[in-house]
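This report looks at charged side-chain contacts and at enclosed space in a single chain. Please keep the sequence and the structure in view while reading.

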Amino acid sequence: MNSTETILHLNWPSKCKAFAKGALAVLPLTIAVIPWGILAGSYAVEAGLSPLQSQAMSAILFAGSAQLVATGMFKLGAGLMSMLLTTMLITSRHFLYSMAMRPQISPLPLKWRLLLGYLLTDELFAITNKNKGQRFDPWYALGGGLSFYLGWNIASAVGIIAGANIEGLDSWGLDFAIAATFIAIVVPNIKQPSGLLCVLIALVSSVVCELLAIPGGLLISAILAMGLATMYAKWRGEEQ
């Protein structure tokens, strides 16, 4: 029996303990994302979606940045294909996450791969890859992913209710939670010079692209930052 099978066949107390550890590990990020979830829910109602449709977007799409962009495009009357392509582009980073986690996830049964794949977010990737030397525990990942999923949907429900009853909710500055959440994810994971270089290049280049109104500035900044940081890491011989 390999290590993955051993984890899957642990007794329930061990599974519950790992599940609780995952939920606790992601708790700070779940709290940080609450204003973002409230904003997503209220923005969906403001765009003309019904409360049920707004909640379904959070429950099914389950992608904060993609939800906000898709909702904005819906409000402007964009076509379905444009919305799908834009959403796919925004969430394309999850393809990189899945490639990075493939060695750990591939030995799991299909039902586990599908479940953890659906729950995979920036936050779940951050807590499961924090200590790469440790053995991957699917119950730990499930605890983190499921608790974050519930937190996001509860926050969205609050936003839906608030958006229908409170005017000018978008002026409360809740969108700062988006930046705060990613800062909380990125900063603890900067452990090598190449990581710091990647962040700085992305920061500077994205600001420049925004000031110059360059289309696709975020995508350009991401590719530039990752490319230069990777070359720097290879030049310095940093450990992967």
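## Salt bridges

In this predicted model, two salt bridges are counted. One of them joins the side chains of K75 and E46, with an N to O distance of 2.9 Å. This pair links distant parts of the chain, since K75 belongs to helix α5 and E46 to helix α3 (residues 34-46), with their positions 29 residues apart. K75 counts as partly exposed because its relative accessibility is 42%, and E46, at 41%, is likewise classed as partly exposed.

A salt bridge also forms where the side chains of D122 and R93 meet, at 2.7 Å from N to O. Here too distant parts of the chain are linked, with D122 in helix α9 and R93 in helix α7, 29 residues apart. D122 has a relative accessibility of 7% and therefore counts as buried, the cut-off for that class being under 20%, whereas R93, with a relative accessible area of 22%, is partly exposed.

## The enclosed cavity

The count of cavities of 30 Å³ or more comes to one, and the largest cavity holds about 150 Å³ of space. Its lining is made up of 14 residues, and those nearest the centre are A63, G64, T121, D122 and E123. D122, which takes part in the salt bridge with R93, is thus also one of the residues nearest the centre of this cavity.

Helices α5 (64-75), α7 (93-105), α9 (122-128) and α10 (138-165) each contribute at least two residues to the lining. Sorted by class, the lining comprises seven nonpolar, four polar and three charged residues.

Definitions and conventions:
Residues numbered from 1 in each chain as written. Predicted model: local features only at pLDDT ≥ 70, side-chain atom pairs only at ≥ 80, totals over all residues. Heavy atoms only, no water. 1 Å grid on protein atoms, 1.4 Å probe; cavity = no way out; pocket = protein on both sides within 12 Å on 5 of 7 lines; lining within 4 Å. Points joined across faces, edges and corners; volume = space filled by probe spheres on them. Helix = DSSP H or I, 4+ residues; strand = E, 2+ residues; numbered from the N terminus. Nonpolar A, V, L, I, M, F, W, Y, C, P; charged D, E, K, R; others polar. Salt bridge = Lys/Arg side-chain N within 4 Å of Asp/Glu carboxyl O. Buried < 20%, exposed > 50% of the residue type's maximum accessible area, 1.4 Å probe, protein only.
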